[in-house]
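Could you walk me through this model in my viewer, one selection at a time? I would like to know what to pick next and what sits there.

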Amino acid sequence: MVVRKILTILLLLFRRGIIQLTSRYVRYKYVLSGAKIGRSLKVVGNCKIRGWYCNVDIADHVDIHNNCCMLIGRNSMLKIGRRTSISYNTIINAGVGNIVIGENTMIAGNCYIVSNDHDINTTLSVRDCGHIIGDVHIGNNVWIGANVVVTKGVHIGDGSIIGAGSVVT
């Protein structure tokens with residue numbers, strides 16, 4: 001009970017930007033919020049996970065670097081496999097659909113992975129059109145180069161290499 005109270009106070013101080021937490025405390029923060037986090041999660045710098053923590057499953061020995069942002073919606077899921085590395089400034093948006101990243105995968109900096117897109121309807125305004133959903137599945141032993149965009153409905157097979165600056169549709 002005392003440990004939970006201390007972690008709650010640390011979490012409050014972290015949210016207000018008063019302190020920076022180490023990887024171990026970041027792990028506890030998300031576990032207390034309902035996420036499934038494996039052993040040896042390494043978070044370097046500021047990483048934001050927003051949305052429904054209970055829909056997050058991060059396996060053992062995952063590295064997440066500076067300024068990464070992960071968005072998870074109520075009816076979506078984000079699953080990251082064992083020994084995966086996600087480099088700086090990468091955005092993973094599972095706001096409406098599911099994203100599964102396999103084991104031993106490396107994602108370089110400034111990548112954007114998204115599981116939905118806006119629907120375009122000529123009778124409605126763009127704002128009111130809704131979303132087109134397509135799950136993203138990235139296989140095992142995949143290397144995704146810098147500045148890559150992976151859009152909805154994509155399946156990247158095991159052992160693939162995606163060159164820097166590519167758009168995968």
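Here is a tour that goes from the whole chain to the sheet, the core, the surface and two loops.

**Stop 1: the whole chain**

Start with everything shown, and keep in mind that this is a predicted model. Colour by secondary structure and you should find 2 helices and 20 strands. The protein has 169 residues, and 39% of them count as buried. Switch on the surface if you like: its accessible area comes to about 9400 Å², with 54% belonging to carbon and sulfur atoms. If you prefer a contact map, take the contacts between residues at least 6 apart in sequence; 16% of these join residues at least 24 apart.

**Stop 2: the parallel sheet**

Now select β3, β6, β9, β12, β17 and β20, which in that order make an open sheet of 6 strands with parallel pairing. Which strands stand at the edges? They are β3 (47-51) and β20 (167-168); each has a single partner strand, so one side of each is left without a neighbour in the sheet.

Walk across from the β3 edge. β3 and β6 are joined by 5 bridges in the parallel sense, and you can pick out one by selecting Gly-51 together with its partner in β6, Ile-72. Step on from β6 (residues 68-72) to β9 (residues 91-94), where the parallel pairing runs over 4 bridges. Here Met-70 has Ile-92 of β9 as its bridge partner. One strand further, β9 and β12 (residues 112-114) run parallel and are joined by 3 bridges; select Asn-93 and Val-114 in β12 to see a bridged pair. As background for this view, strands of a sheet pair through backbone hydrogen bonds, either parallel or antiparallel.

**Stop 3: the nonpolar core**

Next, show the side chains of Ile-49, Ile-58, Met-70 and Ile-144. These are the residues with the most contacts inside the largest nonpolar core, which has 35 residues. Elements giving two or more residues to this core include β3, β4 (56-58), β7 (78-80), β10 (99-101) and β15 (136-138). Which element gives the most? It is β6, with 3 residues. Met-70, already met as the bridge partner of Ile-92, is thus a residue to keep highlighted in both views.

Zoom in on Ile-144 and list its contacts, skipping neighbours within four places in sequence. You will get Met-106, Ile-107, Ala-108, Cys-111, Ile-138, Ile-156 and Ile-162.

**Stop 4: a patch on the surface**

Keep Met-106 selected and add Trp-143 and Ile-161: together they form a nonpolar patch on the surface, with about 350 Å² of accessible area. Met-106 is also one of the contacts of Ile-144. Trp-143 lies in strand β16 (residues 143-144). Is Trp-143 buried, partly exposed or exposed? Its relative accessibility is 46%, so Trp-143 counts as partly exposed.

**Stop 5: two loop residues with positive phi**

Finish with the backbone torsions. Select His-61, in the loop between β4 and β5 (63-64). The phi of His-61 is near 60°, a positive value in a residue other than glycine. With 38% relative accessibility, His-61 counts as partly exposed.

Then move to Asn-67, in the loop between β5 and β6. What is the phi of Asn-67? Again the value is near 60°, and Asn-67 is not a glycine. Asn-67 is partly exposed, at a relative accessible area of 45%.

Terms used: Residues are numbered from 1 along each chain as its sequence is written. This is a predicted model: local features need pLDDT of at least 70, side-chain atom pairs count only at pLDDT 80 or more; totals for chains, interfaces and linings use all residues. Side-chain values use heavy atoms; hydrogens and water are left out. Patches are made of residues with over 30% relative accessible area and no salt bridge: like charges are joined within 9 Å, nonpolar side chains (Val, Leu, Ile, Met, Phe, Trp, Tyr) within 5 Å. Accessible areas come from the Shrake-Rupley method with a 1.4 Å probe; for residues, only the protein chains shown count as cover. A salt bridge is a side-chain nitrogen of Lys or Arg within 4 Å of a carboxyl oxygen of Asp or Glu. Buried means under 20% relative accessible area, exposed over 50%, partly exposed in between (1.4 Å probe, protein chains only). Two strands pair if DSSP finds at least two bridges between them. A nonpolar core is a set of buried Ala, Val, Leu, Ile, Met, Phe, Trp, Tyr and Cys residues joined through side-chain atoms within 4.5 Å. Contact means heavy atoms within 4.5 Å.
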